[in-house]
Amino acid sequence: MEHFDIVVIGSGPGGYRAAILAALAGKKVGIVEKAVWGGCCLNRGCVPKKAWHHTARLMDAVEQGAARGLVGTLRADLAAAWLHQQRIVDTVRENYINYLERLGVIRLEGTGSLIDARTVAVRDAENGTQTVTSDYVILATGSTPKANSALPETAGRIISTDTLFEQPPPTGRRVAVVGGGVIGVEFAYILQRFGFEISWFTGGPLLSRAGFSAQAMNVLRQSLHKHGIISRIGRPKLKSLSDDGVLLATESEEVLVDWVLLGTGRAPYTSSLGLDTTQVRTDANGFIQVNGQLQTEEPNIYAIGDCCSPEMTANQALADATTAVYNIVNTAARQRESLWVPKVIYSATTLARLGRNEEQAEDEGFEPAVGFAAFSSSPQALGQDDSQGFVRLIADMDSGQLLGGEIIGADAGELIHLLGASSEEPMDARVLAKRCYNHPARAEEVLNEVETMLSKWGMWA
């Protein structure tokens with residue numbers, strides 16, 4: 001029976017990073033995967049979605065081409081884009097597997113489950129069951145789309161985003177997008193830019209749990225409305241399926257579409273893990289219970305990412321992996337970081353945030369002040385015909401400590417890293433003012449905003 005220092009169950013972003021970090025620390029590592037290597041983010045989430053979002057943004061730019069001297073027309077083809085994202089995913093996966101092999105990480109193919117706190121069974125339909133032991137186990141099993149009883153998945157007619165990336169897109173141009181969270185907000189925009197006729201249903205306000213400011217949400221709504229993308233409040237139910245399409249009904253209307261994309265949330269994947277053979281416990285929502293160091297009730301078993309985190313983002317899984325491996329390798333007690341993990345949404349505009357909002361800052365005893373700089377005056381943004389959005393920073397008036405920030409607009413997902421900090425190592429806003437910046441660049445609006453804020457407090461210079 002082979003023995004490991006660390007066995008990771010799940011090869012998504014969190015599991016992959018945990019395996020790499022542990023191997024770089026000199027540990028003997030095994031990583032278990034029951035399906036396609038790379039998990040949801042690589043195969044059915046972040047990576048292919050970003051490829052489609054880039055195409056959608058290019059279609060936006062094309063509409064302004066005439067003013068820039070670009071003549072002609074283009075149209076987006078989702079079938080071709082699906083093949084394109086598959087090629088990207090295949091390339092990334094190959095690189096991913098090669099890196100694991102170079103580091104000496106042993107890949108264990110099959111369904112991993114706990115026999116006890118230090119023994120893992122890996123069951124494969126073709127090769128039978130392999131049993132290994134390990135000093136530590138990291139559970140990184142991710143999540144799956146939530147079932148929707150009102151709209152049960154039906155091949156080619158009612159599908160999740162998992163299915164959309166796993167199989168060529170259904171036929172028909174009339175699409176209902178269901179959900180007002182991240183998935184709904186992103187795909188209502190992406191599919192509309194690919195030329196689909198979108199009916200978008202949300203159960204309430206957009207991104208109600210994402211924590212963005214009212215100003216950010218106003219920019220998002222304006223950006224969506226510019227393309228005629230307007231959400232309808234309502235929870236549709238399936239009324240009928242026929243050759244004519246999928247008939248949906250809410251309390252106030254009926255809508256006939258060719259297919260439906262479900263974006264109504266995800267649930268942690270913890271079934272078939274053998275948790276009942278250990279002291280590991282889940283909460284009422286199915287999330288594995290962990291302490292601040294990401295340990296379960298079994299001190300040698302850690303959990304990271306979607307299976308233990310309501311945030312359910314790849315960014316959080318990656319941060320969790322760093323925390324868990326650090327604590328294992330150093331026998332330390334680094335706390336899980338959530339506050340400073342970037343939250344980024346890719347829609348008709350890009351929204352990125354991290355840190356505290358004003359209310360959180362006040363609750364923690366800070367005296368927060370907000371600084372604001374719009375991209376409408378940025379030479380770079382104007383030169384790109386894309387001047388929507390802003391930089392919004394929150395800092396403590398007494399100390400100058402950066403407490404949080406938002407960047408809305410093009411490249412926000414990259415720019416947000418300028419504000420990076422951690423709970424252990426807070427950033428002084430004066431650091432942002434002392435940096436040197438490229439010109440012209442969107443990043444200059446961070447400099448402009450922080451210089452203005454600090455000058456008001458007599459802290460600049």
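Two strands are taken to pair if DSSP finds at least two bridges between them. Helices (H or I, at least four residues) and strands (E, at least two) are DSSP runs, numbered from the N terminus. The model is predicted: local features need pLDDT of at least 70, side-chain atom pairs count only at pLDDT 80 or more, and totals for chains, interfaces and linings use all residues. Residues are numbered from 1 along each chain as its sequence is written, and side-chain values use heavy atoms, with hydrogens and water left out.

The protein chain holds 13 helices and 22 strands. Its C-alpha trace spans about 70 × 65 × 40 Å along the principal axes. The radius of gyration is taken over C-alpha atoms, and the globule rule is 2.2 Å times the number of residues to the power 0.38. For 461 residues a compact globule would have a value near 23 Å; the protein chain has 24 Å, which agrees.

Of the 461 residues in the protein chain, 52% are buried (under 20% relative accessible area, with a 1.4 Å probe and protein chains only). The exposed area of the protein chain is about 20,800 Å², of which carbon and sulfur atoms supply 49%; accessible areas come from the Shrake-Rupley method with a 1.4 Å probe. Contacts require heavy atoms within 4.5 Å. Among contacts between residues at least 6 apart in sequence, 63% join residues at least 24 apart.

Strand E6 (residues 128–139) pairs with E1, E5 and E17. E1 (residues 2–9) runs parallel to E6, with 7 bridges. Ile-6 has Tyr-136 of E6 as its bridge partner. E5 (residues 119–124) runs antiparallel to E6 and is joined to it by 6 bridges. A hairpin of 3 residues connects E5 and E6. Here Val-122 is bridged to Gln-130 in E6. The pairing of E6 with E17 (residues 301–303) is parallel, over 3 bridges. Tyr-302 in E17 is the bridge partner of Ile-138.

A second set of pairings involves E19 (residues 350–355). In this strand 6 of the 6 residues are buried, so E19 is largely enclosed by the rest of the structure. E18 (residues 343–346) pairs with E19 in the antiparallel sense, over 4 bridges. The two strands form a hairpin with 3 residues between them. Tyr-346 is bridged to Thr-350 of E19. E22 (residues 402–408) is also antiparallel to E19, with 5 bridges. Ala-352 has Ile-407 in E22 as its bridge partner.

Key
Buried means under 20% relative accessible area, exposed over 50%, partly exposed in between (1.4 Å probe, protein chains only).
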